[in-house]
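Colleague: Could you take me through one part of this model in detail? I'd like the site where the ligands sit, and whatever connects to it.

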Amino acid sequence: MSNKSINLTEQLHAYLLYVSLREPDILKALRGETSSLPTANMQIAPEQGQLMALLVQLIGARKTIEVGVYTGYSALAVAMALPDNGQIIACDISEEYTSVARRYWLEAGVSQKIDLHLAPATETLGRLIDDGLASTFDFAFIDADKENYKAYFECCFQLIRSGGLIAVDNVLWDGAVIDAQKQDVDTQAIRAFNEYLLADSRVDISMVPIADGLTLARKK
Ligand code: SAM
Ligand code: CA
């Protein structure tokens with residue numbers, strides 16, 4: 001028995017999925033279609049989608065934000081967990097990737113819950129703040145360009161209500177965060193972001209070693 005996070009071998013990971021993953025067919029189909037793309041590793045893991053859906057239900061979220069849509073898996077997992085009057089403000093800059101997302105959202109019957117903004121996410125989030133929507137959202141998921149993580153977090157922090165949750169993806173960055181040889185811009189940005197959040201007393205945090213690492217930050 002270990003009191004450290006267990007090292008998931010291929011077989012143990014397969015077992016985890018076998019005994020816990022309840023992936024709806026529509027999400028499975030989206031994962032299947034995305035797997036043929038050269039960028040497929042940008043998609044979140046299915047067990048992470050299931051965790052995010054559970055978190056959204058636990059906090060009774062209705063209004064949410066997504067920064068980084070890609071082919072729409074995380075937004076779809078969250079949208080399916082939201083109530084009928086739920087809403088996701090979804091931010092991306094790629095017409096190509098999000099055209100796949102739109103197709104699946106429509107097929108799943110959740111497209112009325114998702115408001116896609118094709119523009120740099122800092123602009124979209126800044127506009128929401130300017131429109132007086134600060135402290136009105138329940139949940140945010142940050143998963144776009146790593147260089148802007150701190151800016152996205154600060155915008156989401158303003159937009160989220162007290163008691164709301166911000167989830168930030170790829171915080172372990174395939175282990176590069178502890179590799180001194182890795183000094184590229186993305187790796188440095190994630191290291192800096194992780195340390196920034198550790199020192200941020202405005203939030204309660206937990207770094208969950210699921211998939212590529214997911215930090216949960218609850219606004220006090
Ligand atoms: N959450 C997605 C999923 O579950 O499949 C994966 C998101 S993928 C890692 C990152 C996305 O961020 C890409 O679709 C990319 O087009 C988008 N992106 C990159 N720079 C951006 C920016 N400045 N503003 C908004 N989106 C951006
Ligand atoms: Ca990601």
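Modeller: Sure, and keep in mind that this is a predicted model. A good way in is Tyr70, which sits in the loop between strand 1 (63-67) and helix 4 (73-81). With a relative accessibility of 6%, Tyr70 counts as buried, because the cut-off for that is under 20%. Its backbone is worth a look too: phi of Tyr70 is near 55 degrees, a positive value in a residue other than glycine.

Tyr70 also brings us straight to ligand 1. One of its backbone N or O atoms lies 3.2 Å from an oxygen atom of ligand 1. Two side chains join in from elsewhere along the chain. Asp145 has a polar side-chain atom 3.3 Å from a nitrogen atom of ligand 1, and a polar side-chain atom of Tyr152 likewise lies 3.3 Å from a nitrogen atom of ligand 1. As for how covered the ligand ends up, ligand 1 taken alone exposes 610 Å², and the protein buries 89% of that.

Stepping back to the surroundings, 20 residues surround ligand 1, and the closest are Gly68, Ser74, Asp92, Ala121 and Asp143.

Asp143 is the one to follow next, since the name turns up again at the metal. The calcium ion, ligand 2, has protein donors from Asp143, Asp169 and Asn170. Asp143 is listed twice there, each time through OD, while Asp169 gives an OD atom and Asn170 gives OD1. These donors lie 2.2 to 2.9 Å from the calcium ion. If you want a pattern to search for, the donors follow the spacing D-x25-D-N along the chain. Both Asp169 and Asn170 are buried. Asp143 therefore appears in both lists: among the residues closest to ligand 1 and among the donors of the calcium ion.

Just along the chain there is another backbone oddity to check. Trp173 has a positive phi of about 45 degrees although it is not a glycine. Its place is in the loop between strand 5 (160-169) and helix 8 (185-198).

For contrast with the buried residues, have a look at the surface around helix 1. Ile6, Leu8, Leu12, Tyr15, Tyr18 and Val19 form a nonpolar patch there, with about 650 Å² of accessible area together. Tyr18 belongs to helix 1 (residues 10-20), and its 69% relative accessibility is why Tyr18 counts as exposed, whereas Tyr70 counts as buried at 6%.

Technical notes: Residues are numbered from 1 along each chain as its sequence is written. Chains are lettered from A and ligands numbered from 1 in the order in which they are written. This is a predicted model: local features need pLDDT of at least 70, side-chain atom pairs count only at pLDDT 80 or more; totals for chains, interfaces and linings use all residues. Side-chain values use heavy atoms; hydrogens and water are left out. Patches are made of residues with over 30% relative accessible area and no salt bridge: like charges are joined within 9 Å, nonpolar side chains (Val, Leu, Ile, Met, Phe, Trp, Tyr) within 5 Å. Accessible areas come from the Shrake-Rupley method with a 1.4 Å probe; for residues, only the protein chains shown count as cover. A salt bridge is a side-chain nitrogen of Lys or Arg within 4 Å of a carboxyl oxygen of Asp or Glu. Helices (H or I, at least four residues) and strands (E, at least two) are DSSP runs, numbered from the N terminus. Buried means under 20% relative accessible area, exposed over 50%, partly exposed in between (1.4 Å probe, protein chains only). A residue is near a molecule or strand if one of its heavy atoms lies within 4 Å of it. A polar contact is a pair of N or O atoms within 3.5 Å; within protein, one must be able to donate a hydrogen and the other to accept it, and residues adjacent in sequence count only if both atoms are side-chain atoms. Donors are N, O and S atoms within 2.8 Å of the metal (3.2 Å for Na, K and Ca); water is not among the atoms, so sites may look incomplete.
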